[in-house]
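Here is a briefing on one chain and its model. Please keep the sequence and the structure open while reading.

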Amino acid sequence: MNKPIAPDLLQPAQAFAHYLDNAAARFDDRAEASAQRQGARVGISRPHESAHLHVAGEATYTDDIVERAGTLHAALGLAPVANGRLKAIDVERLRALPGVVAVLTAADIPGVNDCGSIVHDDPILCEIVRHEDGSSWGEIRYLGQPVFAVLAETRDAARRAAARARDLLTVEAEPPVLTPQQAHARGQYVLPPMHLVRATHEGGAQAAIAGAPRRLKASFDLGGQEQFYLEGQISYAIPKEDGGMHVYCSTQHPSEMQHLVAHALHLRAHQVQVECRRMGGGFGGKESQSALFACVAAVAAAKLQRPVKLRLDRDDDFLITGRRHGFWFEYEVGYDDEGRILGAEITMVSHAGHSADLSGPVMTRALCHFDNAYWLPDVAMHGYSGKTNTQSNTAFRGFGGPQGAIAMENIIDSIARELGRDPLDVRRVNFYGRGERNVTPYLQPVTDNVIHELVGQLEASSDYRARRKAIEAFNAQSPVLKRGLALAPVKFGISFNVAHFNQAGALVHVYSDGSILVNHGGTEMGQGLNTKVAQVVAHELGVSFDTVRATATDTEKVANTSATAASTGADLNGKAAQDAARQIRDRLAACMAARHGGRPEDVVFANDKVSVNGKTLPFSAVVAQAYVDSVQLWSDGFYATPGLSWDKDKMQGRPFYYFAYGAAVSEVVVDTLTGEWKLLRADVLHDVGRSLNPAVDIGQVEGAFIQGMGWLTMEELVWHPKSGLLTTHAPSTYKIPTANDCPPVFNVRLFEGENAEDSIHRSKAVGEPPLLLPFSVFFAIRDAVSAVGGHRVDPPLRAPATSEAILDAIAAVSNGR
């Protein structure tokens, strides 16, 4: 890699050129080229399989599918209050509006009016029902809740009609509950509380805290985050013969959409087909929450026997769907004079929203990641999923893990400041050990720990110690601009917490001309899953990447699939595709050995050729011979992750197959007069095991870093305190990072190593873990704010660390509190 350049010496154009030089250097790897010549198709940097379609504007997304004749467009009428009662809908006036063909209400749903993924508490449309006292009304849970759907000849006509909801609904409003703190004070939760406790000494966490030489007691407020996928929520439903339904849906979980649509239509699963070629981003927002739109489109299509498309406007997408859970933490910690944590107790209250959705597993993962990379001998964690009159929050990259881990990082940072020590040194004394101090609070041993050497390498390559001294010197002579530096580590568990979700299937077809098609249960959302799966198949059969084609995820091809989530996409589907391809390879090898002599196990597949008993044949010729010999040239494959267990009541077991590790060093400068800040440099070292595709993996790390930085610094969600309106519901008010927010020096490297577990080619997941790396940005800002008071006052900095939040923290530090 090129030698880093001092960030203050770079102009924007130079910075971009420097970034490209570093990127080129990362991928100019002679070892990769040599491996490719020898027949390897994994461990190779190559472009995304759809990159050429993306840049040409030819990649087909759901909205690009050619509309069938007679297609109607749907739009949703939304509740105008956050909490209250729906008394009536003026359906006749809605039907009379220009271009309107029909109006759909909850009464038109032939099956179950519910799209809850786990708990059945999430209505598709607000439903007016008769109550015991004789009154009739429907419960309005949040401002933006879908109440009805308008079907019209054009999308514009449907949206114009739906926008009349405020005038055509009779509602009674009540005061809303909008924050997790309010919900917690009322004891108002969407699920029962969770408790994860580990006591290694008598009296547990409370006794350890009471007996510790030092104590810390504080709270921390952490905001949520909008997924802001470029392609919004969309479904296109087409009625089929004999009561069937074909739904094209932008979703991470086609099988769940299939089941929920079937339930809404009162059909069986085999009558519903759900298909997704690709998404324009998902980030968890299309795991469960694409269901409402799939159900509405399908119910309308079934009722009218016409194709129906429902594509949300960005504002409506914000107002209807949920996002990353915000959290509020209260904690007390006992520690010694070295900063070693002896006991910790924490209360986590998540902002769940109006229904359970995925708040349960999100809280489970938050509790299981509170330890991050640290040994906690005595710990008591309490998780509460606060019920509020807001959108139902859901999955987002990291799925609770980042929220749990940042609480611990905040604690470590505060301990270091209290002791006057470098936070890196305090982190080190608390790291998990090897052979001892290596069991998590949920009793899973950490057997693959590489955090010590990874952090050591990053500390050296980033010049951490020298830069720390340089920043101290800079801050001493700069009264307004203050610089900050932080190193943050990551340990992230990989697998679904529900053990049986860790399974996948795939189909591989080899055609008589030697071309290959693979289909699997995972979904492509830009992360490169299809690219990696195709590489795995190409490697197994010894052919070039261009010989393999991946096709749309389809519930009629691979059934009962799990969501593409929890960073398991390549782990599960790659293994399933490998299994299918290997079966075909073994059949081909047996066929060639029978024809040409030798043993099947000695047949070699590489570089589009097959070597058998001293002969070398083109792969296509081998396939043609096998076809003539009536050899089966297609196969299904299956994989289930071994060794997982989880007791949800005790919150103990082995929920994760392995851990992914990483660390990042960030340097910022803060203007203490305005609260503005800039990331000057970021150095990242991340563990992906033996990478399937280094180019794709580095892209994932870079993207996760910037996305996580946005969550922690600028993406602020604001609800009006009285009406409950999400006021930040568009790009004009909700700000995500842009290219201008990337640091001028951005050094990203992959840690050299391999997975200790038998994952696909010993690789590791890369989707979610690197989102925790920009913790280093937040704590670098905190370090800069702390410098205002000479590091004598712990800054009460909330997240996101917007300019307003930074100024509030600066004021507190300046006032000595």
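Strands S4 and S5 form a hairpin, with 5 residues between them. Gly134 sits in the turn and has a positive phi of about 90°. The model is a predicted one. The points below cover strand pairing, burial, the surface and salt bridges.

**Around the S4–S5 hairpin**

- Strand S4 covers residues 129-130, and 2 bridges join S4 to S5 in the antiparallel sense.
- Val129 has Trp137 of S5 as its bridge partner.
- S5 (residues 136-140) also pairs with strand S2 (residues 84-89). That pairing is antiparallel and has 3 bridges.
- Arg85 is bridged to Glu139 in S5.

**Strands S3 and S6**

- Strand S3 spans residues 100-104 and is mostly covered, with 4 of its 5 residues buried.
- S3 runs antiparallel to strand S6 (residues 146-152), and 4 bridges pair them.
- Within this pairing, Val103 has Val150 of S6 as its bridge partner.
- In a regular strand, side chains alternate between the two faces of the sheet.

**The S22-S23-S24 sheet and helix H19**

- Three strands make an open sheet in the order S22-S23-S24, and the pairing is antiparallel.
- Strand S22 (604-606) and strand S24 (615-618) are the edge strands, each paired on one side only.
- From one strand to the next, the twist averages 25°.
- Strand S23 (residues 609-612) is joined to S24 by 4 bridges.
- Val612 is partnered with Lys615 of S24.
- Helix H19 (residues 619-628) lies across S22, S23 and S24. H19 runs at about 85° to S24.

**A covered helix**

- Which residues of H12 are buried? They are Ser359, Gly360, Val362, Met363, Thr364, Arg365, Ala366, Leu367 and Cys368.
- Helix H12 spans residues 359-368 and is mostly covered, with 9 of its 10 residues buried.
- An α-helix has 3.6 residues a turn, so residues three or four places apart point the same way.

**Surface and loops**

- Val480, Leu481 and Leu673 form a nonpolar surface patch. Together they have about 250 Å² of accessible area.
- Val480 lies in the loop between helix H16 (464-477) and strand S17 (481-494).
- Val480 counts as partly exposed because its relative accessibility is 30%.
- Pro445 is in the loop between helix H14 (423-430) and helix H15 (451-461).
- Why does Pro445 count as partly exposed? Its relative accessibility is 43%, and the partly exposed class lies between the cut-offs of 20% and 50%.
- Leaving out residues up to four places away in sequence, Pro445 touches Asn438, Val439 and Phe659.
- Pro445 and Ile760 are 315 residues apart in sequence. Their C-alpha atoms are 22 Å apart in space.

**Salt bridges**

- The structure holds 47 salt bridges.
- Side chains of opposite charge can pair when their charged atoms come close.
- Arg159 forms a salt bridge with Asp313, and the closest N and O atoms are 3.3 Å apart.
- Arg159 lies in helix H5 (residues 155-162), while Asp313 is in the loop between strand S13 (308-311) and helix H11 (314-320), so this pair ties together parts that are 154 residues apart in sequence.
- Arg159 is partly exposed, at 35% relative accessibility. Asp313 is buried, with a relative accessible area of 19%; the buried class is under 20%.
- Asp413 and Arg782 meet through their side chains in a salt bridge, at 2.7 Å from N to O.
- Asp413 belongs to helix H13 (residues 401-419) and Arg782 to helix H21 (residues 775-788), so the pair ties together parts 369 residues apart in sequence.
- Are Asp413 and Arg782 buried or exposed? Asp413 is buried, and Arg782 is buried too.
- The side chains of Glu667 and Arg483 form a salt bridge at 3.1 Å, N to O.
- Glu667 is in strand S28 (residues 658-671) and Arg483 is in strand S17, and this pair links distant parts of the chain, 184 residues apart.
- Glu667 and Arg483 are both buried.
- Salt bridges with shared partners join Asp422, Asp425, Arg428, Glu459, Arg465, Arg468 and Asp783 into one network.

Note on methods. Residues are numbered from 1 along each chain as its sequence is written. This is a predicted model: local features need pLDDT of at least 70, side-chain atom pairs count only at pLDDT 80 or more; totals for chains, interfaces and linings use all residues. Side-chain values use heavy atoms; hydrogens and water are left out. Two strands pair if DSSP finds at least two bridges between them. Helices (H or I, at least four residues) and strands (E, at least two) are DSSP runs, numbered from the N terminus. Axes are lines fitted to C-alpha atoms, for helices over the stretch in contact, and angles run from 0 to 180 degrees between N-to-C directions. Contact means heavy atoms within 4.5 Å. Buried means under 20% relative accessible area, exposed over 50%, partly exposed in between (1.4 Å probe, protein chains only). Patches are made of residues with over 30% relative accessible area and no salt bridge: like charges are joined within 9 Å, nonpolar side chains (Val, Leu, Ile, Met, Phe, Trp, Tyr) within 5 Å. Accessible areas come from the Shrake-Rupley method with a 1.4 Å probe; for residues, only the protein chains shown count as cover. A salt bridge is a side-chain nitrogen of Lys or Arg within 4 Å of a carboxyl oxygen of Asp or Glu.
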